[in-house]
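Visitor: Hi! Could you walk me through a protein model? I'm new to this, so plain words please.

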Amino acid sequence: MKKVILKSEKLCKSFANEGSQNHVLDNVDLEIYEGDFTVIMGSSGSGKSTLLYSLSGMDMPTSGKVFYGDSEITALSEKKMSDLRSKEFGFVFQQVHLVSNLSLMENVLVPGYMDKEKTATQVKERALELLETMNISEAKDRLPAQVSGGEAQRAAIARAVINEPGILFADEPTGALNRKNTVDVLNLLTKINNKGQSILMVTHDVRAALRGTRLIYLEDGKVCGEMELPPFDEKDMKNRETQVNAWLSSMHW
């Protein structure tokens with residue numbers, strides 16, 4: 001039986017709009033399982049990113065609860081929530097948000113040094129290992145502006161997982177990349193998921209969604225469908241794409 005790593009109960013998020021309430025999330029009950037590559041899809045404005053931000057503690061819901069393991073994170077103070085995010089959560093966004101005047105290596109090292117349980121030597125060894133895994137070790141001393149978008153995004157993923165987070169949150173991580181760099185980043189996310197990294201990703205790209213082991217469809221702030229898939233196998237790409245497209249069609253994608 002799969003272990004629940006993250007869950008929400010009756011999660012709601014509303015915004016005031018010219019005197020009325022815009023309900024972006026509407027009583028969302030959701031469980032995210034350890035080791036899964038969970039993908040949230042839906043049309044523009046369906047609440048995908050709002051759900052990810054609410055589940056990760058980056059945004060507070062209007063009502064409802066979010067649990068990480070046995071802890072209700074919606075009850076934590078901002079300080080404790082910040083500590084939890086730095087220790088247990090990793091984040092990758094469409095824009096890489098690397099520090100422009102730091103090398104790729106330095107960008108990866110900075111959050112690593114925040115882990116007081118590891119020595120500086122251990123952090124450096126972990127960073128070098130990750131850069132090797134990401135196939136960007138040769139570019140480790142370059143600034144973000146001196147590498148391709150795909151290399152910068154791979155460095156951002158290395159930075160996100162250096163402290164071995166319980167879950168990696170990814171919001172449209174391939175949205176600003178060309179086809180080749182998209183495939184490179186998706187291959188990398190698949191690789192680290194195969195090693196046990198739990199991933200929760202928001203995307204509108206079917207190519208990215210194919211990497212998921214569980215797809216969730218959001219519409220008008222409500223979960224209206226889900227699909228489970230076996231671990232990604234490139235040899236089964238055509239059949240997988242057919243299955244996912246058929247499911248998305250049933251969801252009125």
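Guide: Here is a chat about the overall build first and then some single residues.

Guide: Keep in mind that this is a predicted model.

Visitor: Okay. How many helices and strands are in the protein chain?

Guide: The protein chain has eight helices and 10 strands.

Visitor: And how compact is the chain, for 253 residues?

Guide: As compact as a globular protein of that length, because its radius of gyration is 18 Å and the globule rule gives close to that, 18 Å, for 253 residues. If you drew a box around the C-alpha atoms along the principal axes, the box would be roughly 50 × 45 × 45 Å.

Visitor: What share of the residues is buried?

Guide: Buried residues account for 51% of the 253 in the chain. As for the outside, the chain exposes about 12,700 Å², and carbon and sulfur atoms supply 48% of that area.

Visitor: What about contacts between residues at least 6 apart in sequence: what percentage joins residues at least 24 apart?

Guide: That would be 70% of those contacts.

Visitor: Switching to charges. How many positive and negative ones are there, and how far apart are their mean positions?

Guide: There are 30 positive and 35 negative charges, and their mean positions are 3 Å apart.

Visitor: Now cysteines. How many disulfides does the structure hold?

Guide: Zero. A disulfide is a covalent bond between the sulfur atoms of two cysteines.

Visitor: So why is there no bond for C12?

Guide: Distance. The closest cysteine sulfur to the one in C12 belongs to C224, and it is 16 Å away, which is too far for a bond. For a disulfide, the two sulfur atoms would have to be within 2.5 Å.

Visitor: Are those two cysteines buried or exposed?

Guide: C12 is buried, with a relative accessible area of 13%. C224 is partly exposed, at 37%.

Visitor: Let's pick a helix. Why is α3 called largely enclosed?

Guide: Helix α3 covers residues 104-112, and seven of its nine residues are buried, so the rest of the structure largely encloses it. The buried ones include L104, M105 and N107. V108, L109, P111 and G112 are buried as well.

Visitor: What do those buried residues pack against?

Guide: They pack against two helices, α4 (120-133) and α5 (149-161).

Visitor: And E106, where does that sit?

Guide: E106 is in helix α3 too, but E106 is partly exposed, with a relative accessible area of 37%. Its C-alpha atom is 8.1 Å from that of D141, although the two residues are 35 apart along the chain.

Visitor: Last topic: backbone angles. What's the usual sign of phi?

Guide: Most residues other than glycine have a negative phi.

Visitor: Then what is phi for N27?

Guide: N27 is not a glycine, yet its phi is positive, about 55°. N27 lies in strand β2, residues 20-33, and is partly exposed, with a relative accessible area of 42%.

Visitor: And D220, what phi does that one have?

Guide: D220 has a positive phi as well, about 50°, and is not a glycine either.

Visitor: Where is D220 placed, and is it buried or exposed?

Guide: Look in the loop between β9 (214-219) and β10 (222-228). D220 counts as exposed because its relative accessible area is 58%, and exposed means over 50%.

Visitor: Great, thanks!

Technical notes:
Residues numbered from 1 in each chain as written. Predicted model: local features only at pLDDT ≥ 70, side-chain atom pairs only at ≥ 80, totals over all residues. Heavy atoms only, no water. Helix = DSSP H or I, 4+ residues; strand = E, 2+ residues; numbered from the N terminus. Rg over C-alpha atoms; globule rule 2.2 N^0.38 Å. Buried < 20%, exposed > 50% of the residue type's maximum accessible area, 1.4 Å probe, protein only. Contact = heavy atoms within 4.5 Å. Areas by Shrake-Rupley, 256 points an atom, 1.4 Å probe, with all protein chains shown as cover. Lys, Arg positive; Asp, Glu negative; His and termini not counted. Charge placed at Lys NZ, Arg CZ, Asp CG, Glu CD.
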